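Subject: Structure handover

Hello,

Here is the structure we spoke about. Please open it alongside this message; my notes follow below.

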Amino acid sequence: MTGATAGPAGTGTDRSVGSPILHVDMDAFFASVTLLERPELRGRPVIIGGGTRGVVLSATYEARAFGVRSAMPLARARRLCPPALVLPPERHRYHEVSTRVMAILRDITPLVAPLSVDEAFLDVSGSRRLFGTPAEIARLIRARVLAEEGLTCSVGVAPTMFVAKIASTRSKPDGLLVVPAGGVLSFLHPLPTSALWGVGQATEAALDRLGLRTIGDIADCPLPTLQRALGQAAGAHLNALAHGRDERAVDPGSTEVSISAEHTLSVDSSDQDALARELLRLSGQVARRLRDRGRVTRTVSIKIRLADFSTLTRARTLREPTDVSQEIYRAALELFHEAGFAGKAVRLVGVRAANLADAGGAGHQLAFDERPVGWSQLDRATDAAGRRFGTGSVGPASLLPRQPRRPESI
DNA sequence: TCTGGGGTCCTAGGACCC
DNA sequence: TCTGGGGTCCTAGGACCC
């Protein structure tokens with residue numbers, strides 16, 4: 001590619017000084033994990049996704065050969081690839097495998113920053129004495145993940161996070177690509193603008209209107225022109241990236257900014273009671289995850305998507321932070337009623353908690369008329385029952401299935 | 001083609017305070 | 001009567017990522 005590469009066989013030499021960042025990215029992760037227990041499906045096009053209104057979550061490379069891509073509506077994927085087998089996701093298993101893969105990475109260095117279940121950044125600058133050059137470390141990781149989990153991954157090695165990320169993408173599947181410090185610009189500049197992290201459809205179109213097609217074009221474009229077209233922050237950001245500059249460091253300790261739960265209904269609904277029950281369920285999920293993490297929220301928001309796919313959000317900042325299911329639900333329900341679109345067909349509802357803080361430092365001031373202790377105790381009892389009997393085993397009576405009028409559903 | 005669910009970050013406008 | 005600038009917080013929407 002640029003003379004800076006090592007192929008899948010891992011034959012590349014790595015004599016550069018500054019290539020301490022690795023980006024490790026599992027190949028077709030969900031599909032590959034599912035195939036571990038279905039070896040007879042190897043070599044066949046397999047798609048992971050589900051539901052009547054689902055999208056493609058993951059697809060084997062055999063399915064991708066038909067044009068199937070992740071996030072594509074399942075209906076379209078089936079048309080593109082009729083022989084594909086569509087299997088439902090098994091999130092619990094993905095999580096388990098992910099935990100073990102991350103543990104392999106933490107054997108190399110504590111400086112591991114997971115980006116999602118199936119990818120992570122590593123800063124290996126302190127690991128060379130023990131494990132060798134960054135390229136040798138990358139080969140070691142790939143060999144261990146394959147030997148211990150039966151899965152392939154691709155690894156990018158570069159002086160900065162975003163170049164390492166692009167490198168792993170360009171080496172997929174089952175590849176390794178090293179971009180030494182001296183080779184960053186010659187690696188980046190021929191690539192299309194969309195290869196940059198943060199350039200999606202809208203930004204690509206805006207860049208295209210400026211006549212910018214490659215990352216090299218962005219590097220040659222005057223900063224003020226870029227900022228006029230994309231805004232201050234985005235313009236400056238892309239300008240820096242196009243010149244290979246990226247100051248971010250691998251941070252293993254970053255904490256969440258928000259926690260949310262949302263659900264697309266299987267059929268659009270304008271039934272206010274049914275939508276309120278969904279808000280109750282989602283509020284409970286969000287609150288439980290807050291308590292699991294020892295966090296409280298001050299800002300509750302709801303998200304509503306109508307049948308025409310238009311999406312609106314409404315937010316409210318509370319007087320006091322909370323992790324109590326009932327308080328989050330009360331705020332969500334008020335926002336829902338105030339939004340004032342009764343009668344319209346709703347496709348999706350969501351609840352989000354933002355403005356988070358640690359529960360310990362939250363010094364709750366009780367108003368005289370408040371009795372939150374009861375609700376809080378109910379949550380704790382529900383949490384304990386969930387741990388014993390399984391999540392969802394105990395919950396509000398209004399979430400119980402409605403009594404069927406006729407026993408036909410049994 | 002008919003669009004999931006979990007997130008992050010940025011922008012812009014308004015309220016409010018100094 | 002007309003006219004500031006800056007800072008912070010909040011809300012709504014949108015782009016983007018996996």
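Start at Ala233: one of its backbone N or O atoms lies 3.0 Å from a phosphate oxygen of DNA strand B. Bear in mind throughout that this is a predicted model.

**DNA strand B**

Glu262 also reaches the strand through its backbone. There, an N or O atom sits 2.5 Å from a phosphate oxygen of DNA strand B. His263 uses its side chain instead: an N or O atom in it is 3.3 Å from a phosphate oxygen of DNA strand B. Four elements give two or more residues to the surface near this strand: α3, α12 (232-242), β9 and β12. The top contributor is β9, with seven residues.

In total, 24 residues surround DNA strand B. Those that come nearest are Arg79, Val257, Glu262, Thr264 and Arg289. Of the strand's atoms that come within 4 Å of the protein, sugar and phosphate make up 71%. By class, the surface near DNA strand B has eleven nonpolar, five polar and eight charged residues.

**The largest pocket**

Its volume is about 1400 Å³. The lining of the largest pocket runs to 36 residues. Nearest the centre are Val55, Leu57, Pro89, Arg91 and Glu262. Note Glu262 here: it is also among the residues that come nearest to DNA strand B.

Which elements each supply at least two residues of this lining? They are α3 (74-80), α4 (91-108), β5 (112-116), β9 (258-269), α13 (272-293) and β12 (346-358). Again β9 gives the most, this time with eight residues. The lining of the largest pocket splits into 13 nonpolar, 14 polar and nine charged residues.

**DNA strand C**

How many residues lie around DNA strand C? There are 21, and Glu119, Lys165, Thr203, Ala315 and Thr317 come nearest. Of the atoms of DNA strand C within 4 Å of the protein, 100% belong to sugar or phosphate.

Three polar contacts are worth a look:

- Lys165: a polar side-chain atom lies 2.8 Å from a phosphate oxygen of DNA strand C.
- Asp118: a polar side-chain atom lies 3.1 Å from a sugar or linking oxygen of DNA strand C.
- Gln201: a polar backbone atom is 3.3 Å from a phosphate oxygen of DNA strand C.

At least two residues of the surface near DNA strand C come from each of α9 (201-209), β10 (295-306) and β11 (311-322). With six residues, β11 gives the most. The surface near DNA strand C holds six nonpolar, nine polar and six charged residues.

**The five-stranded sheet**

This sheet is open, its pairing is mixed, and the order is β5-β6-β1-β7-β8. The edges are β5 and β8 (176-178); each has a single partner strand, so one side of each is left without a neighbour in the sheet. On average, neighbouring strands are turned by 15 degrees against each other, direction ignored.

Inside the sheet, β1 (residues 21-26) and β6 (residues 119-123) run antiparallel, joined by five bridges. One detail ties the sheet to the DNA. Glu119 of β6 is the bridge partner of Asp25, and Glu119 is also one of the residues that come nearest to DNA strand C. The edge strand β5 has a second role too: it supplies at least two residues of the lining of the largest pocket.

Best wishes

Key: Residues are numbered from 1 along each chain as its sequence is written. Chains are lettered from A and ligands numbered from 1 in the order in which they are written. This is a predicted model: local features need pLDDT of at least 70, side-chain atom pairs count only at pLDDT 80 or more; totals for chains, interfaces and linings use all residues. Side-chain values use heavy atoms; hydrogens and water are left out. On a 1 Å grid over the protein atoms alone, a cavity is a set of points where a 1.4 Å probe fits but cannot get out, and a pocket is an open set with protein on both sides within 12 Å along at least five of seven lines; lining residues have an atom within 4 Å of a point. Grid points are joined across faces, edges and corners, and a volume is the space filled by probe spheres set on the points. Ala, Val, Leu, Ile, Met, Phe, Trp, Tyr, Cys and Pro count as nonpolar, Asp, Glu, Lys and Arg as charged, and the others, Gly among them, as polar. A residue is near a molecule or strand if one of its heavy atoms lies within 4 Å of it. A polar contact is a pair of N or O atoms within 3.5 Å; within protein, one must be able to donate a hydrogen and the other to accept it, and residues adjacent in sequence count only if both atoms are side-chain atoms. Two strands pair if DSSP finds at least two bridges between them. Axes are lines fitted to C-alpha atoms, for helices over the stretch in contact, and angles run from 0 to 180 degrees between N-to-C directions.
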